[in-house]
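Let's walk through this one together, starting with how the copies sit relative to each other and then moving on to strands and rings.

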Number of protein chains: 2
Amino acid sequence: MATIYDIAVGAALNVVTAVAFLLLFAFLRLQPINDRVYFPKWYLKGTRASPASAGATVAAAKYINLDMRSYLNFLSWMPAALKMPDDELIQHAGLDSVVYLRIYRTGLKIFVPITILAFAVLVPLNWTNDTLETLKVVHSDIDKLSISNIPYGSKRFIAHLVMAYVFTFWTCYILMKEYQIVAKMRLRFLASEKRRPDQFTVLVRNIPSDPDESVSELVEHFFLVNHPSHYLKHQVVYNTNKLAGLVEKKKQMQNWLDYYQLKFERKAERPTTKTGFFGCFGSDVDAIDYYKSEIEKIGKEEADEHKKVMKDPKSIMPAAFVSFRSRWGAAVAAQTQQTSNPTVWLTEWAPEPRDVYWNNLSIPFVSLTVRRLIIGVAFFFLNFFYVIPIAFVQTLANVEGIEKALPFLEPFIETPTIKSFIQGFLPGLALKIFLILLPTILMFMSQFEGLVSHSSLERRTASKYFIFLFFNVFLGSIVTGSALEQLNTYLHQSANDIPRIIGVAIPMKATFFITYVMVDGWTGVALEVLRLKAFIMFHLKNFFLVKTEKDREEAMDPGSICLYWSEPRIQLYFLLGLVYAVVTPLLLPFILVFFALAYVVYRHQIINVYNQRYESGAQFWPNVHLRIITALIVSQLLFLGLLSTKGLEEATPALLALPVLTIWFHKYCKHRYEPAFVRNPLQEVMRKDTLERARERNFDLKAYLADAYLHPVFKSNEADKFYVADDPGAEPVIVPTKRQSRRITPVQSEDGGSGRLNLMESVHER
Amino acid sequence: MATIYDIAVGAALNVVTAVAFLLLFAFLRLQPINDRVYFPKWYLKGTRASPASAGATVAAAKYINLDMRSYLNFLSWMPAALKMPDDELIQHAGLDSVVYLRIYRTGLKIFVPITILAFAVLVPLNWTNDTLETLKVVHSDIDKLSISNIPYGSKRFIAHLVMAYVFTFWTCYILMKEYQIVAKMRLRFLASEKRRPDQFTVLVRNIPSDPDESVSELVEHFFLVNHPSHYLKHQVVYNTNKLAGLVEKKKQMQNWLDYYQLKFERKAERPTTKTGFFGCFGSDVDAIDYYKSEIEKIGKEEADEHKKVMKDPKSIMPAAFVSFRSRWGAAVAAQTQQTSNPTVWLTEWAPEPRDVYWNNLSIPFVSLTVRRLIIGVAFFFLNFFYVIPIAFVQTLANVEGIEKALPFLEPFIETPTIKSFIQGFLPGLALKIFLILLPTILMFMSQFEGLVSHSSLERRTASKYFIFLFFNVFLGSIVTGSALEQLNTYLHQSANDIPRIIGVAIPMKATFFITYVMVDGWTGVALEVLRLKAFIMFHLKNFFLVKTEKDREEAMDPGSICLYWSEPRIQLYFLLGLVYAVVTPLLLPFILVFFALAYVVYRHQIINVYNQRYESGAQFWPNVHLRIITALIVSQLLFLGLLSTKGLEEATPALLALPVLTIWFHKYCKHRYEPAFVRNPLQEVMRKDTLERARERNFDLKAYLADAYLHPVFKSNEADKFYVADDPGAEPVIVPTKRQSRRITPVQSEDGGSGRLNLMESVHER
């Protein structure tokens, strides 16, 4: 058992490591050569240029900072990061980032008073007993501060009970306040936003196929009939998965070409490469010529595919982005059901153009529900049975397995150092690789489910990851068994016993989790600010690929918050804090340090580094709220289980009321605040519409929306070819309700103007 | 243990009783005097008149049927009931009734093939074993037909496993088909419906209070601004709970007056009554004079209250019925969120005028969530702890308790017959009274929850009642313990053990449930057709109160389906059928007889008797579907539990897939069909709008909607006074966005016209 001394040593060690990282960061960030690693956000904003062009006096100063004074206050970035006011930060980095930072602030707001109260009330209460000494059990000083030190049946547990209530009410109070603030921020953000294409646009999916009309005609007719005075235009969605692949491949080839050309310039000797697998096998060819011809080939293929996509009606997916004359029209279309069959003409608010996940736009409804079932089952198995494949890999990755598979390695492996390395390290490595890959695997699963925006993909993945962390890290560490063994326990224990079994184990695991917080929380966060991966990648690219300033721009990788793996990890700290607040308050200060440090670090990163790929307007907050509530309920149930073994029977009904009240509180908040994150109130959009109409009477909305929702691969010079519908509401259009048997050619994209004319004529004919 | 012979005797007894009831019914319905008891629906439709006015030849024939031939085919009503085609029945009785009958038909569709298959495959399989004989356990012939007769670990269980799959798939298939048909019926019904006020109207609740404007002005301004081209008019809601009470009281007094006047006419001696409690205490007065003066007094009070309601702004509730120019406008307003605060301006589709539950219209949002919590907790206790108050009453209602409370009864009670009666009967009576009152208690709970329409109240109550029946009748009979004891079991057993414990007990309870089906199902249904209560009440009223033809009209009580207690009881049969289909197929024919008999009987009742109080368009079907799915999952889990004790370990994973698939199937159906019951597709309403606009160009919608949503107590001669808003969209109205400080008098109801003028003027002024 760890003593206070052990913990102190651990803490010191972690503090030293973290401080070392921070010092290293403070040093590296001052070097001009690293400017693009540590301040990419400013480059993207255009307010900072490469030190080269700034005209440095000394050549060396281009790469190394020689100004000694700047080294003196090496922690100056911390107050600087805290200085920027919230409104400016929203302007600078978007609402998503600011609300993401609020998660840490929420943590501080919840845990600072809880820590103070716990240390003022619970710690003295626990300390002034000698149960553990009289029982003569092995114990550490930490246990003397925890609930374990209170004798069986003591009335002192009432204090813990009251504190459980106080903590719950405080947490709920803060959660409600935060929900309120975030909802208000979101509404203000949406109201203050400039005109954006997604405000006028609705995504329509599962457009039914029709033998007489093309998708584009069908969409136009449908909305002209059912939203007559609001419909403006639409943009069909093309199946560009192959085209996007070609573009991507071309870019890679271009990278190789750049690399060899740079090599040629430096060495003045034409480099060669092999045509086979990864340039390792096959015949030698001149690298520059080879890649040039490859690029040309792909470019041709791309052009063919481009033409094919535009011509072939099969490449038009049954989905479209429909734009309306006003925000009101779009809000109405997004919130209502269109036809009596709820599986076709599904409308939803269009995500931001850069937020669209194009690959999933064409999945039909039935397939969606099947996919959800498959992923549900797959995730269940991943969560509870992930140990099985890893154990299998681990049995393969032992010494005998390798010797059998690759007998020529035998003498090498049999050396004692190597052998012990393989035996001690490889099994752990398999697990570690799996855990590193896990968020990516979960992201793939979410993509397979068919969500249509990056933001919703991240949210869904975050939920999955949290469930995984909860069972495999939190419960897995307490019950010490794989989730599979736990599942067995849960199935074979009564509903009463499960919280008891876990609850009893909780105080014993406090030291483990304190270490976890220090390693994962403190050192991990300090490592984040260093951006080791980006640092290495940038300098590699800079050396091998960069020729022009534009290349350097591309080599810089600002990254983004990556909600889907960072948010669930924060939630783990909420869970730990809430569970241990009553049981072992000593854990709380460690969590406080984490929240404070992470807040400063991420604030700095958001200001100087990250470049969000999309802006969802804090749509993830309801999930954050839900997970903290879950943590709260888990903490209540586990405390209930723990207390049920302490001889205070009266406590059980009093504690049972807590989860009921918490669930009710959650339902209340859900009703009260969640709609602000899901739906679009008509009053708000009407206000914005009216204001805008008054300000800019003759704004050409149609031109503004022209190619807003075109797939990015089309956004080249030919983009203007791609939309078909014209302003149909300028004069009253009579839409035929009966289909004609004569078929209008569905291929209008080649010659949008005349095709459209044909259509309009035929509309007027009848 | 019951043998086949016992069951046969029981069946014979029940068949005899049921047939006796049916014969009695066949006899009674032919007597003209009972015409209004057994054919009220036709009277209400106006196609049938009292035999008196039909001009009978013999005086006696007015009361008794003397035509002997009509007695001969006394079961002729059965084919007659089946003859009416569905479309005509919808016309005659509404969609709710027809879809209610579909529940029985669904039962037949599900269970006829299942019964045939079970008897063809499972019964021979079970029969050709001799496990029970070799084991020498006490058993009955029925057990020989059940799964209990198959030896431990036998491969024959595979047949049961396969059958579980087949039954599940068949049930799901039928459920999906039925959902499809009902959804289509509903849509066709809605499309074919004539113009109805609720098609144009939205109920708005939680209108925020405003210091400057009255509720009526606020509503008008809000919708003029946010739905400018669609808003037509609105109707504020008055707090009429007191007024309605007075009207009710006056009606009662009028009844008594009628009674005494009739008595006076017959006996020619002025009757007297006592003024005190229920006419039992107090001084003697002349009854006719007394009631006349009472009626006058209440009439005055009523007029005062009427005036007060109209004048006092406090009696206007923060709710209103807002009507739109088109169904499209109403559909949009009902499906969208109005403001950024989701707890105010709540819009929902207005229920039919006669479906509105007026008392709940003014409950604010926060109070609603609190009420829901309270009822949730209360229902939990009612469900699991209802035995406690009943046990308490039972201890009071024993001999000693009564002797203590009312000592003067002692000699009377101590007579052996009376004593044994009290001891044997009273405790059961307390329980019986509770069970009879239960649906009413549950209905009160639902009313307290704040639902605003009778149809939703019935649906909510049905859900509660089903849960109660499930735990206390179904599980209570199997585990044989009160729900409280069960709760204890569930909490202290592992999740694995609960289905096992219940599953093992299932085959043993087959005979009990067969008896239950016969008594409750067969005889109960036969009793329903007799309408004993309505029969007695009608003849009592007819004798004591009826003076005019109109009184006789009122004395007749057609009743209605009472979904909230009849539907959950049908669900119990689905549950029994699905649970026993694999285990003891012998139960199935009994359930088939119930479904067939009930179908005929209720069809007859719907054609000839019931008069539905409202028409919800089969909105209850998603609940019916959900409950059958629940029954299916329960049956799968219990079968899993049962089979886990039979030594066929391989079966468990195969059976575990079933509930997962069933839940997924339910989710699919929910997504696919439920929206048709909840939302209003724009395409449909647009089609109806367009058609109507083409047909009747100058229809005065406003006059049509004038007092559609006026509280029924106002629907007298003064009704026209009560609406305020006029057609505001005829000319473009400029709505002030800034509030005026000058207060317009909120009391416009007294003089609607000029008040309205004021308002419109003030609108135009700015």
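Lay chain A on chain B and you get an RMSD of 0.1 Å, using a turn of 180° and a shift of 0.0 Å along the axis; the fit is by least squares on the C-alpha atoms of residues with pLDDT of at least 70 in both copies. The two copies are therefore related as by a two-fold rotation axis. In chain A, the C-alpha nearest that axis belongs to A:Ser494, at 1.7 Å. Both copies use the same surface, with 100% of the contact residues of chain A recurring in chain B, where contact means heavy atoms within 4.5 Å.

Some housekeeping: this is a predicted model, with local features needing pLDDT of at least 70 and side-chain atom pairs counting only at pLDDT 80 or more, while totals for chains, interfaces and linings use all residues. Residues are numbered from 1 along each chain as its sequence is written, chains are lettered from A and ligands numbered from 1 in the order in which they are written, and side-chain values use heavy atoms, leaving out hydrogens and water.

Now find strand E5 (residues 316-324) of chain B; strands here are DSSP runs of E with at least two residues, helices are runs of H or I with at least four, and both are numbered from the N terminus. Eight of the nine residues in E5(B) are buried, meaning under 20% relative accessible area (exposed is over 50%, partly exposed in between; 1.4 Å probe, protein chains only). Strand E1 (residues 201-205) of chain B pairs with E5(B) in the antiparallel sense over four bridges, and pairing takes at least two DSSP bridges. There, B:Val202 stands opposite B:Val322. Strand E2 (residues 231-238) of chain B also runs antiparallel to E5(B), joined by six bridges, with B:Lys233 opposite B:Ser323.

On to the rings. The whole structure holds 72 aromatic pairs over all chains, counted when ring centres of Phe, Tyr or Trp (its six-membered ring) lie within 6.5 Å; planes under 30 degrees apart are stacked, over 60 edge-to-face, the rest tilted. B:Phe223 and B:Trp345 make an edge-to-face pair, 6.0 Å centre to centre with 75° between the planes. B:Phe223 lies in helix H11 and B:Trp345 in the loop between helix H14 and strand E6 of chain B, so the pair ties together parts 122 residues apart in sequence. B:Phe223 is buried at 0% relative accessibility, and B:Trp345 is buried at 6%.
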